[in-house]
Amino acid sequence: MRPFPRSAHSPETEPETGPDRRHPAGLDRRQLLRGTALLGATAVAGGLGGLSVGTGPASAAPAGFPAYAYLGQPLDHANLRYNPTGELIFPCVRGVYDRISGGLARYYLYYAPHDRPGGICLAYGNSLAGPFTEYAGNPIVRRDWSPHYSVEHVSSPHVLWNSATRQFYLYFHGDNDTTRLAISSDGVRFTYHGVVLSTAMVPNLTEASYARVFEHRIPALGSRYVMVYMGYHTVRPGFRKIFWGWSADGRSWQFDPQPLVSPSGDGLSDLSGAHLLPRNGTTYVVYHGGSGRMYLTEVGDNFDREVHLGVFHAPLTGAPDNGRVAAPAFGTDRGVQYMFYEAGQRGRTRIAVARAVQ
């Protein structure tokens, strides 16, 4: 049961830093993540860290969020040592300069290929504007981790700095029905913890992946952390929806069986890749829709609302977005806000970075 009743109040700070299964109805996983619309562009002239830059108009996002304009690509994709499928997805950027000593750089960027064999990868850099350097030991997590698991692929890394334990918690999926946790003291070398989410834990789901975890307290639940993730829901309308769970320690979780955000509110059939954004005294989630755009919904601090606010960010019609943006992750560097995201049609995706328009 949902722990709080839903309300439809009007919306009221951004934090720093294998073959796919096919279903007989609706979009399959590859179709969802491909996106279909070729939409308006957002870009600014100029750039930092030697990144290439596009040009075009930008418009403000809803709820007072800034518009983000394409800045460039933080990785030298053509010269990556580990790039088995030619696609990179699901960026997660974390500042480590104030958390550990002797780090590789100020910022760590986690990402992955998706299709088999996948593999969790790391890059590092001293500015969120880039450039980032590929870690020589990639992948830092492989699809085989004896004696714990052997799967077709692992992907979608999200790293949380657990301030209570002063450790890095890495959440990743492998395969599509299972989300796992590994823990590290340095953000590079991880110890396997175990499964934290699977379709066996939530009724009416056949996929449970693309999880991101945030420190967010809900006193009535005794929770310190929340997880947002994509689930393929066998209850219609819609197919892939955003679900959530809560935890006191980031390791043991409870999950709401009802979707947090349903695609029908945006006129869609599928959603994925949600990220939490606190602002204006309330809480929002931003996520990818099957149209190729990112959307914003207010869920409230208690996750008891579902106020759809429309398009958060539209893709460039040309490279690198090519009509599709997904899996946003946010960070602030020296007062400047950045959004890392997955750009391009599935099978040809890149990691891109955009900067808030001042």
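Visitor: How many bridges join strand E9 (residues 167-173) to E10?

Guide: This is a predicted model, in which local features need pLDDT of at least 70, side-chain atom pairs count only at pLDDT 80 or more, and totals for chains, interfaces and linings use all residues. Residues are numbered from 1 along each chain as its sequence is written, and side-chain values use heavy atoms, with hydrogens and water left out. Strands (E, at least two residues) and helices (H or I, at least four) are DSSP runs numbered from the N terminus, and two strands pair if DSSP finds at least two bridges between them. E9 and E10 run antiparallel, and the number of bridges joining them is six.

Visitor: Which residue of E10 is the bridge partner of Phe172?

Guide: E9 is joined to E10 by a hairpin through four residues. Within E10, the bridge partner of Phe172 is Arg180.

Visitor: How many residues of strand E10 (residues 178-184) are buried?

Guide: Buried means under 20% relative accessible area, exposed means over 50%, and partly exposed lies in between (1.4 Å probe, protein chains only). In a regular strand the side chains alternate between the two faces of the sheet. On one side of E10, Thr178, Arg180, Ala182 and Ser184 are buried, and on the other Thr179, Leu181 and Ile183 are buried, so that both faces are covered. The strand is thus described as mostly covered, the count of buried residues among its seven being seven.

Visitor: Which residue takes a positive phi in the hairpin of E10 and E11?

Guide: E10 is also joined to strand E11 (residues 191-198) by six bridges, and the two run antiparallel. One contact in this pairing is that of Thr178 with its bridge partner Ser198 in E11. The hairpin has six residues between the strands, and the residue with a positive phi, near 80°, is Gly187.

Visitor: Arg180 lies over the face of which ring?

Guide: A charge sits over a ring if NZ of Lys or CZ of Arg is within 6 Å of the ring centre and within 35 degrees of the ring normal. One such case is Arg106, which lies over the face of Tyr97 at 3.9 Å from the ring centre. Arg180 lies at 4.5 Å from a ring centre, and that ring belongs to Tyr149.

Visitor: Which strands stand at the edges, each with a single partner strand?

Guide: The strand order E2-E3-E4-E5 describes an open sheet of four strands with antiparallel pairing. One side of each edge strand is left without a neighbour in the sheet, because each has a single partner; these strands are E2 (89-95) and E5.

Visitor: Which residue of E4 is the bridge partner of Tyr111?

Guide: Strand E3 (residues 107-112) and strand E4 (residues 121-125) pair over five bridges in the antiparallel sense. The partner of Tyr111 in E4 is Cys121.

Visitor: What is the angle between the planes of Phe65 and Tyr284?

Guide: Rings of Phe, Tyr and Trp (its six-membered ring) pair if their centres lie within 6.5 Å; planes under 30 degrees apart count as stacked, over 60 as edge-to-face and the rest as tilted. The structure holds 22 aromatic pairs. Phe65 and Tyr284 form an edge-to-face pair, with 5.3 Å from centre to centre and an angle between the planes of 85°.

Visitor: How many residues apart are Phe65 and Tyr284?

Guide: Phe65 is buried at 3% relative accessibility, and Tyr284 is buried with a relative accessible area of 0%. Both belong to one aromatic cluster, together with Tyr68, Phe312 and Phe330. The pair links distant parts of the chain, with Phe65 in the loop between H1 and E1 and Tyr284 in strand E17 (residues 282-289), and their separation is 219 residues.

Visitor: Is Arg334 buried or exposed?

Guide: Arg334 is found in the loop between strand E20 (325-333) and strand E21 (336-343). Arg334 has a positive phi of about 55° although it is not a glycine. Its relative accessible area is 58%, and Arg334 is therefore classed as exposed.

Visitor: What is the relative accessible area of Ala63?

Guide: Ala63, in the loop between helix H1 (29-34) and strand E1 (68-72), has a positive phi of about 60° although it is not a glycine. Ala63 is partly exposed, because its relative accessible area is 25%.

Visitor: The peptide bond from Arg236 to which residue is cis?

Guide: One cis peptide bond runs from Asn138 to Pro139, with omega near 0°. Pro139 lies in the loop between strand E5 (133-134) and strand E6 (144-145). In the loop between strand E13 (223-233) and strand E14 (240-247) lies Pro237. The bond from Arg236, with omega near 10°, is cis and leads to Pro237.
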